[in-house]
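Visitor: I would like a close look at one part of this model. Please take me through the pocket, then step out to the surface.

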Amino acid sequence: MQDLKLLLYQTENRVLLLTEKYNRLVDENKQLKENIAALKEEINILNNKNKEQADNIVNYKLKTVIEKQSTRDVKLKINELVRDIDACLKMMDE
């Protein structure tokens, strides 16, 4: 009878410890998911800023090119810029 009481006591303690550990892990999981969501939002913001800056660079380069070069040269420069943009977008997707 004494052995059964001891066994029951040990089992109750283990259940309590497991319950506490489970609750801690649930809280930690919730915090990690919130961190992931915040980081994803930050990534989206940075990607948008990156795209805006790329557009600004292209516009600036086009403006500079148009002011200084002939139509043929402008077309060649535009093609080069489009290839550069494509390469940048490809790197962003990776």
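Guide: What follows starts at the largest pocket and then turns to some side chains outside that topic. Keep in mind that this is a predicted model.

First, the space itself. The largest pocket holds about 250 Å³. Its lining counts 13 residues. Closest to the centre are Ala-54, Asp-55, Val-58, Ile-85 and Cys-88. Two elements, α1 and α2 (71–93), each give two or more residues to this lining. Helix α1 has the largest share, with seven residues.

Next, the chemistry. Sorted by class, the lining has eight nonpolar residues, one polar residue and four charged ones. Asp-55 and Val-58 are both among the residues closest to the centre.

Now helix α2. Ile-78 sits in this helix. Its relative accessibility is 34%, so Ile-78 counts as partly exposed; the band for that class runs between 20% and 50%. Set Ile-78 against Lys-51: the two are 27 residues apart in sequence. In space, their C-alpha atoms are 18 Å apart.

Last, the surface. Met-1, Leu-4 and Leu-7 make a nonpolar patch of about 380 Å². Leu-7 belongs to helix α1, which spans residues 2–68. Leu-7 has 47% relative accessibility and therefore counts as partly exposed. That value is also over the 30% a residue needs to join a patch. Helix α1 thus appears twice in this tour: it holds Leu-7 of the patch, and it gives seven residues to the pocket lining.

Conventions: Residues numbered from 1 in each chain as written. Predicted model: local features only at pLDDT ≥ 70, side-chain atom pairs only at ≥ 80, totals over all residues. Heavy atoms only, no water. Patch = residues over 30% accessible without salt bridge, like charges linked within 9 Å, V, L, I, M, F, W, Y side chains within 5 Å. Areas by Shrake-Rupley, 256 points an atom, 1.4 Å probe, with all protein chains shown as cover. Salt bridge = Lys/Arg side-chain N within 4 Å of Asp/Glu carboxyl O. Helix = DSSP H or I, 4+ residues; strand = E, 2+ residues; numbered from the N terminus. Buried < 20%, exposed > 50% of the residue type's maximum accessible area, 1.4 Å probe, protein only. 1 Å grid on protein atoms, 1.4 Å probe; cavity = no way out; pocket = protein on both sides within 12 Å on 5 of 7 lines; lining within 4 Å. Points joined across faces, edges and corners; volume = space filled by probe spheres on them. Nonpolar A, V, L, I, M, F, W, Y, C, P; charged D, E, K, R; others polar.
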